[in-house]
Amino acid sequence: VGFKNEKVLVDIHGRVATVTLNRPEQHNAMDPSMLDEFHHALATLDADGAIGAIVITGAGKSYCAGIDVSGGADAFAQDTESATEADAEMVVANFGLWQMRTPIIGAINGAAIGAGLTMALLSDIIFVAEDAKLSFRFSRLGVLPEANSLWLLPRLIGIQHALDLLMTGRDFTGTEAAALGLFKQALPRDELLAAAQAYAQSLVTHSSPLSLTLIKRLTYGYLQEN
């Protein structure tokens, strides 16, 4: 199955696929067509048994600046006619990435703001650039955080740290995020993608695909029971 390869790029080496958000001039902010490409790419890769791990990163200096609101209300439209059934299910599922069989490795190469950050948190293992600018900007815009981040964030870093980041909407760096336990590791920007890809390669080389799928699904399933 082919990829659209416009606003989301897919590069496959062996059993590791790298998905790159590709609107660098807009800091990879998501518009409806980019969201459609993103979910199509992930659903297609997850259905391909030859793919053992997926790395997600951004083109240019940013990871994702959130939802592109330059189009007004159209920014939140979903082109359901162009989405496959699998794509549509991933769009509406709060934990769509968690339901995938494939391990998802995040490589946050730069700014991840608002929805760009909450989306990144749904990856399984996350590496971040030390100087990446991060923010849960929602409180400063008068809206609530999405992607179930109000449920997820306290479980990752504890209630007080979560409330600090969510209530203030302040900027923080990749280094601070890793220190809080939000991400696995903060690295110099020029080392980030290679480290994430090497980690993904280690999974497909040394771990059973069935074991990885079951560990992922059972872990998230037990987490949601608490």
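Buried means under 20% relative accessible area, exposed over 50%, and partly exposed in between. With those words in hand, welcome to a few close-up views of this predicted model.

**Close-up 1. Helix α8 from end to end.** Helix α8 covers residues 189–206, which makes 18 residues. From its first C-alpha to its last, α8 reaches 27 Å, close to the 26 Å expected at 1.5 Å a residue.

**Close-up 2. The two sides of α8.** Look for L192, A196, A200, L203 and V204, the buried residues of this helix. Seen down the axis of α8, these buried residues fall within an arc of 95°, so they line one face of the helix. Here is a handy thing to remember: an α-helix has 3.6 residues a turn, so residues three or four places apart point the same way. Turn to the other side of α8 and you meet D190, A194 and H206, which are exposed.

**Close-up 3. The neighbours of α8.** What do the buried residues of α8 pack against? Their partners include the strands β2 (16–21), β3 (53–58) and β5 (104–108). β7 (125–129) and β10 (185–187) are also among them, as is α9 (209–225).

**Close-up 4. A salt bridge between D131 and R189.** Side chains of opposite charge can pair when their charged atoms come close. In this view, D131 and R189 form a salt bridge, with their closest N and O atoms 3.1 Å apart. The pair links distant parts of the chain, 58 residues apart: D131 sits in the loop between β7 and β8 (133–135), while R189 belongs to helix α8. D131 has 48% relative accessibility and counts as partly exposed. R189, at 33%, lies between the limits of 20% and 50%, so R189 counts as partly exposed too.

**Close-up 5. A salt bridge between R170 and E176.** The closest N and O atoms of R170 and E176 are 2.7 Å apart in this salt bridge. R170 is partly exposed, with a relative accessible area of 23%, and E176 is partly exposed at 27%.

**Close-up 6. A buried pair and its network.** The side chains of D31 and R23 meet in a salt bridge, at 3.8 Å from N to O. Are these two residues buried or exposed? D31 has a relative accessible area of 12%, so D31 is buried; R23 is buried as well, at 11%. Widen the view to find K7 and D68, which are linked with R23 and D31 in a network of salt bridges. Across the whole structure there are nine salt bridges.

Technical notes. Residues numbered from 1 in each chain as written. Predicted model: local features only at pLDDT ≥ 70, side-chain atom pairs only at ≥ 80, totals over all residues. Heavy atoms only, no water. Helix = DSSP H or I, 4+ residues; strand = E, 2+ residues; numbered from the N terminus. Expected span 1.5 Å × (residues − 1). Buried < 20%, exposed > 50% of the residue type's maximum accessible area, 1.4 Å probe, protein only. Arc of directions from axis to C-beta. Contact = heavy atoms within 4.5 Å. Salt bridge = Lys/Arg side-chain N within 4 Å of Asp/Glu carboxyl O.
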